[in-house]
Amino acid sequence: QTQILFLAIFGYIFLKEKISRVTLISIFLAIGGVILMIGSSLSPGQMTGNLAAFIMPISFAILILIIRKYPHVDMIPLQLIAGIVAMIVGYFIAGKIIISYHDIFLGFLAGFFQLGFGFIFITIGARNTPSAVVGIIMITEAVLGPLWAWMFANENPPLSVLFGGSVVITAVVIQFLSPFIVKKLAK
């Protein structure tokens, strides 16, 4: 979830977006919460996986910066093209694909509703939302994944995941309440 840092840093450097103290505190809280959630499951892994894990948040940050820089350009068709390109690349990398119809259906549901709608909403919302705030909102994905697994698949997350998730949600709530808090303090 390093995308928060990349979004904040790139937004500051390339778009001259100011990062408020509240947003900075929210960023550090959210990152701390994610570290609590995944801290024990971190492993060195292979270099390819580490490289992909480093490139993905940077490419996502660049996407949000492009949307922020050109808010009048409709980027939603680009999401469709990106999905098709990813599907083609995945097909050639996999070589041979043997998938049941049930798994194809589940993949369609996840791809259409979770990824498709999620990226459409982020693409629309990022036009008017500062880059660092988009990153803070996006980190709720790390919290909601274990929550859905707990609610619908009867998985019991460790206490560290629940505690880390509550820290992330606290960071998001602080970020959203910050305009109201600043307004109250100014009076």
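Let me start with Phe-119, which sits in helix α5, residues 101-125. Keep in mind that this is a predicted model. Phe-119 counts as partly exposed, because its relative accessibility is 28%, and the cut-off for buried is under 20%. Setting aside its neighbours within four places in sequence, Phe-119 is in contact with Phe-60, Leu-63 and Gln-79. Ile-64 is 55 residues away from Phe-119 along the chain, and their C-alpha atoms are separated by 11 Å.

Now the whole chain. The protein has eight helices and zero strands. Read from the N terminus, the order of elements is therefore plain: α-α-α-α-α-α-α-α. Along the principal axes, the C-alpha atoms fill a box of roughly 65 × 45 × 30 Å. There are 187 residues in the protein, and 27% of them count as buried. The accessible surface is about 12900 Å², with 75% of that belonging to carbon and sulfur atoms.

How are the contacts spread along the sequence? Taking the contacts in the protein with a separation of 6 or more, 86% are between residues 24 or more positions apart. On charge, there are 10 positive and 5 negative side chains. The centres of those two sets lie 20 Å apart.

Next, the interior. Which residues touch the most other members of the largest nonpolar core? That core has 16 residues, and the ones in question are Ile-4, Ile-27, Ala-30, Val-34, Ile-136, Ile-139 and Val-168. The elements giving two or more residues to this core are α1 (3-14), α2 (21-38), α6 (131-138), α7 (140-152) and α8 (159-186). Helix α2 gives the most, with five residues.

Ala-30 is one of those core residues. Apart from neighbours within four places in sequence, Ala-30 is in contact with Ile-4, Ile-139, Val-168 and Ala-171. There is also a second, separate core, with 14 residues. Among its members are Leu-63, Leu-65, Met-75 and Met-138. Leu-63 came up earlier, as a contact of Phe-119.

Staying with the helices, Ile-174 is in α8. Ile-174 counts as partly exposed, because its relative accessibility is 28%. Not counting residues up to four places away in sequence, Ile-174 touches Val-22, Ser-26 and Leu-29. Ile-174 and Ile-25 are 149 residues apart in sequence, yet 8.8 Å apart in space, C-alpha to C-alpha.

Helix α4 allows a simple check on length. It covers residues 76-94, which is 19 residues, so at 1.5 Å a residue it should span 27 Å. The multiplier is one less than the number of residues. The end C-alpha atoms of α4 are 27 Å apart, which agrees.

Just after α4 comes Gly-95, with a positive phi of about 80°. Gly-95 belongs to the loop between α4 and α5. Is Gly-95 buried or exposed? Its relative accessible area is 52%, so Gly-95 is exposed; the cut-off for exposed is over 50%. Between Gly-95 and Trp-148, which are 53 residues apart along the chain, the C-alpha separation is 32 Å.

Two other loop residues have a positive phi without being glycine. Lys-16 has phi near 55°, and Asn-154 also has phi near 55°. Lys-16 is in the loop between α1 and α2, whereas Asn-154 is in the loop between α7 and α8. Lys-16 counts as exposed, because its relative accessibility is 63%. Asn-154 is exposed as well, with a relative accessible area of 66%.

The last residue is Glu-17, also in the loop between α1 and α2. Why does Glu-17 count as buried? Its relative accessibility is 12%, and buried means under 20%. What does Glu-17 contact, leaving aside neighbours within four places in sequence? The list is Gly-11, Tyr-12, Arg-68, Pro-130, Ser-131 and Ala-132. In that loop, then, Lys-16 counts as exposed and Glu-17 counts as buried.

Terms used
Residues are numbered from 1 along each chain as its sequence is written. This is a predicted model: local features need pLDDT of at least 70, side-chain atom pairs count only at pLDDT 80 or more; totals for chains, interfaces and linings use all residues. Side-chain values use heavy atoms; hydrogens and water are left out. Helices (H or I, at least four residues) and strands (E, at least two) are DSSP runs, numbered from the N terminus. Buried means under 20% relative accessible area, exposed over 50%, partly exposed in between (1.4 Å probe, protein chains only). Contact means heavy atoms within 4.5 Å. Accessible areas come from the Shrake-Rupley method with a 1.4 Å probe; for residues, only the protein chains shown count as cover. Lys and Arg count as positive and Asp and Glu as negative; His and the chain ends are not counted. The place of a charge is taken as NZ of Lys, CZ of Arg, CG of Asp or CD of Glu. A nonpolar core is a set of buried Ala, Val, Leu, Ile, Met, Phe, Trp, Tyr and Cys residues joined through side-chain atoms within 4.5 Å.
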